[in-house]
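Good morning, colleagues. Please bring the structure up on your screens and keep it in view while I speak.

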Amino acid sequence: MHKRFLYAGTAVVTLLAGCQASKSASSATKGSASAGPAVETLGNYPVSANEFAYVYRKNNSSAPDYGTRQSVTDYLDLYTNFRLKVLEAEQRGLDTTQAFKRELDGYRQQLAQPYLTEKSVTDQLVREAYDRMSQEVNASHILIRVAPDAAPQDTLAAYQKIEALRQQIASGAHFAQVASTQSEDPSARENAGKLGYFTAMQMVYPFESAAYKTPVGQVSAPIRTRFGYHIIKVNDKRTAQGEIKVAHLMVRVNANAAKSDSLTAKKKIDELHSRLTKGENWDKLVAQFSEDAGSAANGGELPPFGTGRMIPSFEEVAFKLQKPGEVSAPVQTPYGWHIIKLLERQPLAQFADMEATLKSKVSKDSRSELNKAAFLKRVRQENQFMEVPAAKTYAFSKADTALVAGRFKYVERMYHEGKPTKASKGAANDNVALFTIKGKPYLVKDFLTFVQQNQRPRTGAQPSFAMQQLYDQYVEQSLTEFEKNNLETKYEDYRMLVKEYRDGILLFQLMDEKVWSKAIEDTVGLKTYFAANQDKYQWDQRVQGTVVSAATPALLARAQKELKAGRFPVTKNVPKIALFPTGSATVGKGVAGALGEVANRMLQDTLARVTLTGRVKKGEKASLARARAESAASYLQGRGVPASRISKAAQTAAGAEGGAQIALVSANPAAIEAALNEKSPLSVQITQRVFQKGDNKLVDELMAKGPGTYTMQKDGRHNAVTIERILPPGPKTLAEARGQATSDYQTHLEKEWITEMRNARPVKVNEQEVNKLVTK
């Protein structure tokens, strides 16, 4: 009921309509005649002037050049290309496939939702929610569970139980004690029913309303929600804290991570906090070290949030920060460790600024039940809903204990193949109207079929109660579907929007076939296009080099030394020796375990090399040393490690252990970096790659100087940049430019395709209709 979350980013899903304009409108459906004059003809196909005018206004009315001839003609050109593509999709029958129909129906259902509400009720609920947001309530509750559609006797039992608990509290029992022992909210044993502070839109609506209406220190009357019956004690009310905007620096670590990983993360966050308290730049450290990719590039900034919107541990620390710029100590959440910086405090926004967001939330909130009831009341009246009492009585007579058990079976009687029997004349039966909507009959047999399909066991309920609930569901569903099916005739905006989505789906399918997938799959065509346009795909000057950034001059010098040597010893989590059984050179389970770890490391690090030195102990033959080295090497090769990265040696002098000694080294900068960062996770960073302009600020400054090693201090770090060689400007290969070349090839294919369609369907513009849209 009470959900909190840490803001992790926002995903926005849009419909790809294929037209180069941001929004495209659709044409009349296939085969239908355009209403009124045409703005243009595409071959023999007339494009409705009214429809184009609607689409142009919708997508351009806020543009500065709206109404100019250039704006109208440019948009007509885009719309023409769009319409030609849709016509080809229709000509190919893409609008007749089952997949298309399913997808369009899904969008139609979504688009219908705003039209299946009561605007006046929505407006009242939005205003009420906004007004409540100026206050926060601290409350506790006791819950007695009962299902939303429970039988009357179960509902009464739950009500009596919650009322008895309320009377206990009124007689002096402590609310917290009763909550701990009697509440059916699983968390009550730990929190004694306490919910903390919350504001509007954070609880189910009936609960929220009761909490706001109950004075501080008092207990509410029993209140019903979908969870059951509650009584609420209001502990405090306060003026809303508003919203705060913070930034954070995050070190990720899973709540179930290994202890070593948790310790590493804690060391890293503590080191970062220490550096911040010493005055290091926040943005610099966030950019370098924060592991929240969604915010790191923006100084760690998060969207504003208010009470109850974050993980409690994060929210509590964030709201305690008082002055902008103040930084918290590290705080842990289930996602990892955070350092929080207060950016600003924001009072509750103006109603006009929040109205659209609140409307969206209200439509998904439990408040929507009120809206739904008002909507059903209206459509009952508008669509002349009429019950047939005799038919309803007849239908309800079919309810029996099988319905309560969820085993009701409907077998149509009295009629055979739609013809009445003699016994049925003048009497209610399966084939008469149960009710009508605008004269359309809804038959008893259809309702009884619905009952069979939607029944479920209802322990303890009366058959008539179960039948009434199913009847109410059927009426609601029938009224809603009737209204949905008439939306296109009632609302122009809805009709045009459905057409827009219809054409967008068709366009997506055809564009994928003719342009997007074709450009990827047509490798010969892509190569030909790339060769013909090679001058577009050129490298600027680049350098092959290495950048080392260190916390101290000593660490920088050590990193440079290890890089130069190119054989850095790797010892962490690497066994020193693989022990063989006495007298044996066979790789058994124990030996394979040690060598398996080495194999895994070497397969991950392709620059790693290993030396295997066979050893014997007293009493063993000296020849076993060489055999053990060979056997260990064979095992690694069998795991996929190239022989060129394995060296073998034998130590014939007897020692304390018999096996294959392991010496792993690597030229991988990551191995050097990991070792030097063992004590402090931010000590050294090493980047070794080909750099082009813009990849690294330090390299950008030194490109003109040519090969060499350059040291410098910047942002409190000690840096060494080695430019090994200058790579001159030159052509890219197709592999290097594939992404851009594929995109360009797609544009090329689309232009060719549009030319073909315009040739097949010559475009003739009706300038008289175009002129009507030119207002500037």
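The lining of the second largest pocket divides into seven nonpolar, six polar and nine charged residues. I should say at once that this is a predicted model. The space in this pocket comes to about 730 Å³. Its lining comprises 22 residues, and those closest to the centre of the pocket are P148, D149, E369, K372 and E476.

Which element gives the most to this lining? It is α18, which provides eight residues. Helix α18 covers residues 463-485, and it is one of the elements that supply at least two lining residues each; the others are β5, at 223-225, and α14, at 368-382.

Let me turn to the sheets. In one open sheet, three strands are arranged in the order β7-β9-β8, and the pairing is antiparallel. The edge positions belong to β7, residues 243-252, and β8, residues 331-333, each of which pairs on one side only. On average, and with direction ignored, neighbouring strands here are turned by 45 degrees against each other.

As a general reminder, the strands of a sheet pair through backbone hydrogen bonds, in either a parallel or an antiparallel manner. Between β7 and β9, the latter spanning residues 336-346, the antiparallel pairing extends over 10 bridges. Two of the partnerships can be picked out on your screens. M250 has H338 of β9 as its bridge partner, and V251 has W337, also in β9.

On the β8 side, how many bridges join β8 to β9? There are three, and these two strands likewise run antiparallel. Here Q332 stands opposite W337 of β9. W337 therefore deserves a second look, being the bridge partner of V251 and also the residue that faces Q332. The connection from β8 to β9 is a hairpin through two residues. Lying across β7 and β9 is helix α10, residues 282-289, which runs at about 45 degrees to β7.

A further open sheet of three strands has the order β10-β13-β14, again with antiparallel pairing. Why is one side of β10 and of β14 left without a neighbour in the sheet? Both β10, at 386-387, and β14, at 440-443, stand at the edges with a single partner strand each, so one side of each has no neighbouring strand there. Strand β13, residues 433-437, is joined to β14 by four bridges, and the two run antiparallel. Within that pair, I437 has K440 of β14 as its bridge partner.

Two helices accompany this sheet. Helix α15, residues 389-396, lies across β10 and β13 and runs at about 130 degrees to β13. Helix α17, residues 444-454, packs on the sheet and touches β13 and β14, its direction making about 50 degrees with that of β14.

I come now to helix packing. Two packed helices are described by the distance between their axes and the angle between those axes. For helix α4, residues 119-132, and helix α13, residues 351-364, the axes come within 9 Å and cross at roughly 115 degrees. The crossing of α4 past α13 is right-handed. On the α4 side, the contact is made by T122, D123, L125, V126, R127 and Y130, while α13 contributes F351, M354, E355, L358, K359 and V362. By class, these contact residues are seven nonpolar, one polar and four charged.

What are the corresponding values for helix α22, residues 553-565, and helix α25, residues 669-676? Their axes come within 10 Å and cross at roughly 145 degrees. α22 also passes α25 in a right-handed crossing. In this contact, R558, A559, E562 and L563 of α22 meet P669, I672 and L676 of α25. These residues divide into five nonpolar, no polar and two charged.

To close, I would ask you to return to the pocket, with α18 as the element that gives the most to its lining, and to the nine charged residues found in that lining. Thank you for your attention.

Definitions and conventions:
Residues numbered from 1 in each chain as written. Predicted model: local features only at pLDDT ≥ 70, side-chain atom pairs only at ≥ 80, totals over all residues. Heavy atoms only, no water. Axes fitted to C-alpha atoms, helices over the stretch in contact; angles between N-to-C directions. Left-handed = near helix turned anticlockwise from the far one by under 90°. Contact = heavy atoms within 4.5 Å. Nonpolar A, V, L, I, M, F, W, Y, C, P; charged D, E, K, R; others polar. 1 Å grid on protein atoms, 1.4 Å probe; cavity = no way out; pocket = protein on both sides within 12 Å on 5 of 7 lines; lining within 4 Å. Points joined across faces, edges and corners; volume = space filled by probe spheres on them. Pairing = 2+ DSSP bridges.
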